[in-house]
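Welcome, and thanks for taking a look at this one with us. Please have the sequence and the 3D view open as you read.

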Amino acid sequence: MAVKIIGGILIVLCGTFTGIYFSERSRRETMFLRQYILFLGQIRSMVEYAGESIGDIMLKVHSVPLMDHLIGEFTGRLSSGEDIVSAWSKSVENSLDRKEFDSADTVLLLNFCEGFGEMGPAEEASRIQMLIGAVTARLEQKEKDSLVKQRLYRTVGTFCGVLTAVVFL
């Protein structure tokens, strides 16, 4: 009898932890967008005031831990001679494959390097500011959806664990 109770508790915990895992994954996607906004703000400031090349700017970007792998891959591709747009596109695609962000956010990420360096610093900073506005709007929508999803994942995980335990016992 004790084995059944312990087994039932373990089944419920597995369902609960599965729900928690997916709810944290949903929360991480909103954190990625927040850090992308921070990243864009840093880039905008550097373009506007420093006037450096994109490779030099990317090496100086900091405080965006969820984007470190993406930025590192991008700078590596730039240093190997790849052009800006293809280096950024491939880096974003690889990050999407690693599920670092939601596939719906791919367009916002790809817009960053579209036409980068073809305008003067003031125009480039304005373009990046518009992109920040678009990402901020997406973040607000995603945060609302994320709260609902987090509760749903946790509830469904616990419910499925309890239902499974009841069925097996």
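## Helix α3 and its span

Let's begin with α3: at 1.5 Å a residue, its 12 residues should span 16 Å, and the C-alpha atoms at its ends are 16 Å apart, so expectation and model agree. Bear in mind throughout that this is a predicted model.

Which residues of α3 are buried? They are L70, I71, E73, F74, T75 and L78. An α-helix has 3.6 residues a turn, so residues three or four places apart point the same way. Just after α3 comes G81, which takes a positive phi of about 100°.

## How α3 meets α4

The next helix to look at is α4. It packs with α3 at an angle of about 145°, the two axes lying 9 Å apart, and the crossing of the pair is right-handed. On the α3 side, the contact is made by L70, E73, F74, R77 and L78. On the α4 side, I84, A87, W88, K90, S91, V92, N94 and S95 take part.

Some names appear in both views of α3: L70, E73, F74 and L78 are among its buried residues, and they also belong to the contact with α4.

## The largest nonpolar core

Now for the interior. The largest nonpolar core has 33 residues, and the members that touch the most others are F39, I43, W88 and F112. Each of α1 (2-49), α2 (54-60), α3 (68-79), α4 (84-97), α5 (106-110) and α6 (121-168) supplies at least two residues of this core. The largest share, 9 residues, comes from α1. W88, one of those four well-connected members, is also part of the contact that α4 makes with α3.

What does I43 touch beyond residues up to four places away in sequence? Its partners are I57, M58, V61, F112, F116 and I128. Among them is F112, itself one of the members with the most contacts in the core.

## A buried glutamate in α1

Helix α1 also holds E29. Is this residue buried or exposed? E29 has a relative accessible area of 16%, and because the cut-off for buried is under 20%, it counts as buried. Leaving aside residues up to four places away in sequence, E29 touches D102 and K142.

## The cysteines

How many disulfides does the structure hold? The count is 0. C160 is in no disulfide, and the nearest cysteine sulfur, that of C14, is 12 Å away.

Two cysteines differ in their surroundings: C113 counts as buried at 2% relative accessibility, whereas C160, at 38%, counts as partly exposed.

Terms used: Residues numbered from 1 in each chain as written. Predicted model: local features only at pLDDT ≥ 70, side-chain atom pairs only at ≥ 80, totals over all residues. Heavy atoms only, no water. Core = buried A, V, L, I, M, F, W, Y, C linked by side-chain atoms within 4.5 Å. Buried < 20%, exposed > 50% of the residue type's maximum accessible area, 1.4 Å probe, protein only. Helix = DSSP H or I, 4+ residues; strand = E, 2+ residues; numbered from the N terminus. Contact = heavy atoms within 4.5 Å. Expected span 1.5 Å × (residues − 1). Disulfide = S-S within 2.5 Å. Axes fitted to C-alpha atoms, helices over the stretch in contact; angles between N-to-C directions. Left-handed = near helix turned anticlockwise from the far one by under 90°.
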